[in-house]
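Q: Please take a close look at one part of this structure, namely its aromatic ring pairs, and set them in the context of the helices around them.

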Amino acid sequence: MRLVLSDIRMQASMWLWTFLCAVVGAACAAGSVIAMFTAVSTARAAGDARMVSASIALGGNIVFFTVLAAVGIVASTIGLTLTTQRRDHALWAILGIPRNRIRFILRTELVVLGAAAGALAVPLAPLVASTALAQWTTTGLDLHGATAGFHLWHVGASVLSGVVPCLLGGWGVTRRAAKTPEMRAFRDLSDPPARPGVTRSVLALCLLAGVVGMWIPGLGLELEGGIEQRTAFAFAGDLFLICLLLLMGPWVLTPLMRFWTALVPSRGVAWHLAVQSCRTRAARSVATVLPFALSLSFVGLFMVMGNVMPGSTAGLGDVLVVLGWVFVVSWVGGLAVIALVGRERTRDSAIVTVAGARPGVVTRSTIYEGVIYAGTAIVFGAIAIAVTSATIAVGAEISVVRVLDGLPWATLGVLAGVTLVTTCLALALQAARVSRTVAARALRS
């Protein structure tokens with residue numbers, strides 16, 4: 001335990017951003033759980049069976065998507081943090097620490113960080129729950145005056161919401177970190193190639209089975225529930241597909257980024273540096289793109305579904321009721337990843353500066369990286385909208401053109417623009433800080 005605490009203290013500047021993501025994820029997940037159970041218990045006390053069912057359905061969906069986003073974002077930041085520390089772990093192995101002991105130490109660190117994040121989320125979770133209950137009330141649900149008071153079980157829910165995403169997200173990463181050969185960790189300048197572990201492969205197969213199992217009845221069978229049931233099956237299949245693609249992010253987002261950047265005709269030095277940096281630092285690129293791709297694809301899926309289902313709407317306000325906390329977790333995760341790799345980007349910029357690049361070129365290339373990250377997330381979201389529109393249109397037995405025509409494209413364009421501005425502004429601030437750094441000092445540190 002002494003080594004665990006010492007390593008966390010020594011690497012505090014790097015673990016800080018993962019810890020921030022874990023706190024936000026724990027607060028949003030635990031708050032959603034508290035809101036659901038509060039609404040259900042209040043409705044039961046009032047004898048309103050219909051509201052009990054509505055609270056379980058709405059709350060269950062919110063909890064599912066929020067926990068899914070928290071696990072994905074925390075896993076992404078943990079993976080990036082441990083990847084940048086691979087040389088330190090190689091030193092442990094050289095000093096004689098057994099590899100299984102290294103793995104145990106790293107997982108204990110994740111438990112400590114998750115528990116601390118959950119403890120810090122205890123006072124935040126009731127605030128999230130109160131906000132969620134207010135949102136549900138504005139949608140027309142009669143919650144019979146439900147309020148999110150404090151109960152002892154809220155502490156357990158918050159701590160579990162902090163520990164579980166950290167362990168699930170870091171289980172495979174810690175195994176790979178402990179197995180990395182020492183010389184490779186010191187020799188490789190670029191990110192090591194991604195390899196699907198057993199857990200990821202099994203989960204990917206389960207998601208693929210879910211896609212096929214939902215699409216077969218949703219797209220090709222006549223069901224007793226009619227068109228609405230077919231549309232629901234098609235929606236579930238699309239949801240599984242998006243989760244599958246994001247789970248396999250290194251093998252989906254990286255080729256997508258390479259493809260669309262290769263189509264850009266620019267031959268400028270700054271753009272070339274940005275493209276090569278994103279390709280070489282693949283783990284950094286995937287970790288940055290993933291949060292924004294997740295939020296944009298989920299929003300697109302729900303807007304398509306809201307445009308097709310009778311009585312539903314595709315407005316952003318209705319989508320935010322279900323995905324509002326997903327947005328919070330995703331945006332915090334994306335900004336945290338950008339800040340997390342600041343030291344690594346400072347060193348890369350120093351190398352380019354020493355090689356003779358002008359400061360303006362380095363600054364523009366850093367901002368172009370933000371364009372590439374946002375562009376990849378937007379392209380992924382556009383592909384997700386196209387696929388979900390086609391499949392849900394088949395399930396609903398309407399034309400794809402009608403589905404696409406009914407989407408709120410202005411809202412989707414604003415979301416894409418916000419994504420672009422967020423990444424570029426965050427990297428512009430980082431580029432301004434890097435420009436004031438002495439290159440020789442950055443290379444020595």
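A: The account below begins with the whole chain, turns to the aromatic pairs, and then visits several helices and single residues.

The model is a predicted one, in which local features need pLDDT of at least 70 and side-chain atom pairs count only at pLDDT 80 or more, while totals for chains, interfaces and linings use all residues. Residues are numbered from 1 along each chain as its sequence is written, and side-chain values use heavy atoms, with hydrogens and water left out.

The protein has 19 helices and 0 strands; these are DSSP runs numbered from the N terminus, helices being H or I of at least four residues and strands E of at least two. Of the 445 residues, 50% are buried, where buried means under 20% relative accessible area, exposed over 50% and partly exposed in between (1.4 Å probe, protein chains only). Among contacts with a separation of 6 or more, 84% join residues 24 or more positions apart; a contact means heavy atoms within 4.5 Å.

Rings of Phe, Tyr and Trp (its six-membered ring) pair if their centres lie within 6.5 Å; planes under 30 degrees apart count as stacked, over 60 as edge-to-face and the rest as tilted. By this rule there are 9 aromatic pairs. In one of them, the ring centres of phenylalanine 235 and phenylalanine 302 are 5.5 Å apart and the planes stand at 85 degrees, so this pair is edge-to-face. Because phenylalanine 235 belongs to helix α10 and phenylalanine 302 to helix α13 (residues 282–308), the pair ties together parts 67 residues apart in sequence. Both phenylalanine 235 and phenylalanine 302 are buried. A second pair joins phenylalanine 327 and tryptophan 331, with centres 5.6 Å apart and planes at 40 degrees, so it is tilted. These two residues lie in helix α14 (residues 316–340), 4 residues apart, about one turn of the helix, and both phenylalanine 327 and tryptophan 331 are buried. One aromatic cluster is formed by Phe64, Phe65, Phe235, Phe298 and Phe302.

Helix α10 (residues 226–247) also meets helix α11 (residues 249–262): their axes come within 5 Å and cross at roughly 85 degrees. The axes are lines fitted to C-alpha atoms over the stretch in contact, with angles from 0 to 180 degrees between N-to-C directions. That crossing makes α10 roughly perpendicular to α11, since angles under 35 degrees count as roughly parallel, over 145 as roughly antiparallel, 65 to 115 as roughly perpendicular and the rest as oblique. Leu245, Leu246 and Leu247 in α10 touch Gly249, Pro250 and Val252 in α11. The residues of this contact comprise 5 nonpolar, 1 polar and no charged; Ala, Val, Leu, Ile, Met, Phe, Trp, Tyr, Cys and Pro count as nonpolar, Asp, Glu, Lys and Arg as charged, and the others, Gly among them, as polar.

Two further buried residues lie in other helices. Threonine 38, in helix α2 (residues 12–45), counts as buried at 10% relative accessibility. Leaving aside residues up to four places away in sequence, threonine 38 touches Leu133, Ala146, Thr147 and Ala148. Methionine 51, in helix α3 (residues 49–84), is buried with a relative accessible area of 1%. With the same exclusion of residues up to four places away, methionine 51 touches Ala43, Leu141, Asp142 and Leu143. Methionine 51 and aspartate 142 are 91 residues apart in sequence and 7.3 Å apart in space, C-alpha to C-alpha.
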